[in-house]
Amino acid sequence: MNSFRSSFPLKSPHLDRNKFAAFPFSQGTTSLPQTLLALVRSRLYLCISAFAFTTLLLLTYTTVPTFRSSSNTVTFPSNGLKRELWEHLNQIKWREIVLEPTEVPFVKQSDMSDHVPWLQEDLFPKGEKGKNNNKKNPDGTESLPKPPRHRIDVLPRKVVVPVGATSPSRMIFGIVTTVDRAKMMSQLWTRWITPPAGEDTEENRPSCLVLLSAEETQEDVDGLAKSFKARGVNCGLRRGKYERYEVRVLSMIREFRDYADELGKTFDWYVFNDDDTFWVDLRTLRRMLAKYDITQDFFVGATTEAKNQLESFGRMAFGGAGMLVTDSLSRKMYDLFDDCYEKYRHIFGGDEMLTRCAALATGLTKATVTSEEKGLHQFDIPGDTTGVLQSGIPFLNLHHYIGGSWVHLFGYGSYRTDFSQILLLKRVMEFIGGDNMFKRYVFGEGRWLLTQGYSLTIFEEPLKPAQLAKMEHTWYEGYRLSFPDRPPVAERHDWDGSKVKQTFYIDDIKVISPQTAVMTYVMADKWDEHLTSAERVRLEVLWDGCWNGGPGCDRSELRAAALV
């Protein structure tokens, strides 16, 4: 569940501390003046970042979306960026591009070994800035040159669910947490608990049960209920009778079905997950579950990606990836709850208790009872997970993305808090859909990697097709995952002169129309640089879903914003 199962290196990956002697948290030899200067600079950075972030939030709510932003005038900072890569970036002709998406049908779940679209043209062309040849708009104003356009294949933004798949109303999600955590995390739960605008029907509304500690006050529980109602989160609230968190997780076996009886409902799927399990798209989850016969006993989940965790705890379902139980098996586990409690209540994790209880109910073993799905992820990955998210593996969910001890969604080079990062990704997913999120495209014969909705990366040494079948090892050095990987490429500069890259992480999305949005990507820095938001160059990508016309497309909105 949320507990750390073993220790791992408590240092940034691929880092020689002796080369950062003036950094305030360095263990290298540092003079007193250097230390004082570094401390002052780090605190000044925090103040500037807080002011810049507050200003950015205010501007988000007060400005009209535009494509040609003021960041277009910011010079690529040469300080900290390897000269060869800086020269390449500094020749970029446009910092705005247009994507012309063409929907193609979904065939199968993605995989690292899949073919990645490989285009010859640069994502952001180099050369002198284009001229408009004194062209005028109808109102007499000067016409801006039009940005480059790239045509790409995408999957349907609204995921197609097979006929006969379980409806949302026949799914129930169960979460064991606290009032404070639920108030915060339920901002994310709306992604799958609250139906999209225009689709809020009884059939499209999943159920949810939140199990709290008996120590929570009635006043706090009532406050949480009001918060849920305001957000459209359809979750019931109960206090568990067990003091230990992990045992309360096990007790969800009973709490689930008792709550279902209260509602007078039956469910096809009972979904056990952590409060920080983030379901990317309810429709992709339902599509995956459609392959299972709900009248049979199925315990669907995933084991950890981390080899040392797997070696320590054995093969089992890990809770952060979600554990999805059919109604048939849920009934059997309910009847065996007392036996499961007596046998397994002293085990370390609630997820292992549930796995063993499912095994007891089916006559299988802890190692064999789980029907494992590749798209489910525990995310026991410490450090920079950029390489994982850019890898092409399927993502039905994310996990471990807040707190800073496990996953760093935007590496070490973001000015954003970890919670604001996942909130931003949620907004992007709501527009492009779960199947397009993290989908990969290569431009410039390997120079540029576009990971849809997440990042743009330019490589000093262009990628080769074979490299895309392996993850870039951006997480902790020496920490092994169950995926093939390749050596990391340093961000911005490397001390031994090796080839480097520059990543731009998603920074904002502004929806112009139901089919069109502008996504802004912001330059990452190296973890020790502390660039402010204003110092970072931004690149803008217009998703022009109306490039070839179609229902609901009004080009006038785009022309008014100088987008087409």
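How many of the 8 residues of helix H6 (residues 282-289) are buried? The first view takes up that question, and the others move through the sheet and the helices around it. Everything shown here comes from a predicted model.

**View 1. Helix H6, a helix largely enclosed by the rest of the structure.** The count is 7 of the 8 residues buried, so H6 ends up largely enclosed. The buried ones are Leu-282, Thr-284, Leu-285, Arg-286, Arg-287, Met-288 and Leu-289. So what sits over them? The cover includes helix H3 (179-193) and strand E7 (278-279), along with E3, E6, E8 and E9.

**View 2. The open sheet, with its 7 strands in the order E5-E4-E3-E6-E9-E8-E10.** Follow that order across and you'll find mixed pairing. At the edges stand E5 (235-239) and E10 (370-372); each has a single partner strand, so one side of each is left without a neighbour in the sheet. On average, neighbouring strands are turned by 25 degrees against each other, direction ignored.

**View 3. Two helices that pack on the sheet, H5 and H10.** Helix H5 (residues 245-263) touches strand E3 (171-176), strand E4 (207-212), E5 and E6. The direction of H5 makes about 135 degrees with that of E4. Helix H10 (residues 350-362), for its part, touches E6, strand E8 (299-301), E9 and E10. Here the angle to take is with E8, and it comes to about 145 degrees.

**View 4. Strand E3, with 6 of its 6 residues buried.** With that count, E3 is largely enclosed by the rest of the structure. Both of its faces are covered: Met-171, Phe-173 and Ile-175 lie on one side, and Ile-172, Gly-174 and Val-176 on the other. In a regular strand, side chains alternate between the two faces of the sheet. E3 runs parallel to E4, and 5 bridges join the two. One of the residue pairs to look for is Val-176 with its bridge partner in E4, Leu-211. E3 also pairs with E6 in the parallel sense, over 4 bridges. Met-171 has Trp-269 as its bridge partner in E6, while Ile-172 has Tyr-270.

**View 5. Strand E6, covered on both faces.** Trp-269 and Val-271 are buried on one side of E6, and Tyr-270 and Phe-272 are buried on the other. E6 (residues 269-272) pairs with E9 (residues 323-326) in the antiparallel sense, over 4 bridges. Across that pairing, Val-271 has Leu-324 as its bridge partner in E9, and Tyr-270 has Val-325. Tyr-270 is worth a second look: it is also the E6 bridge partner of Ile-172.

**View 6. Ser-251, a buried residue in helix H5.** The relative accessible area of Ser-251 is 4%, which puts it under the 20% cut-off for buried. Which residues does Ser-251 touch, once its neighbours within four places in sequence are left aside? They are Leu-211, Tyr-242 and Phe-337. Leu-211 has already turned up as the E4 bridge partner of Val-176. Another residue to find in this view is Tyr-334, 83 residues apart from Ser-251 along the chain, with a C-alpha separation of 9.3 Å.

**View 7. The crossing of helices H9 and H10.** The axes of H9 (residues 337-344) and H10 come within 10 Å and cross at roughly 130 degrees. The two helices are therefore oblique to each other. As for its hand, the crossing in which H9 passes H10 is right-handed. H9 brings Asp-339, Cys-340, Lys-343 and Tyr-344 to the contact, and H10 brings Met-353, Arg-356, Cys-357 and Leu-360. Sorted by character, the contact residues come out as 5 nonpolar, no polar and 3 charged.

Methods:
Residues are numbered from 1 along each chain as its sequence is written. This is a predicted model: local features need pLDDT of at least 70, side-chain atom pairs count only at pLDDT 80 or more; totals for chains, interfaces and linings use all residues. Side-chain values use heavy atoms; hydrogens and water are left out. Two strands pair if DSSP finds at least two bridges between them. Axes are lines fitted to C-alpha atoms, for helices over the stretch in contact, and angles run from 0 to 180 degrees between N-to-C directions. Contact means heavy atoms within 4.5 Å. Angles under 35 degrees count as roughly parallel, over 145 as roughly antiparallel, 65 to 115 as roughly perpendicular and the rest as oblique. A crossing is left-handed if the near helix is turned anticlockwise from the far one by less than a right angle, and right-handed if clockwise. Ala, Val, Leu, Ile, Met, Phe, Trp, Tyr, Cys and Pro count as nonpolar, Asp, Glu, Lys and Arg as charged, and the others, Gly among them, as polar. Buried means under 20% relative accessible area, exposed over 50%, partly exposed in between (1.4 Å probe, protein chains only).
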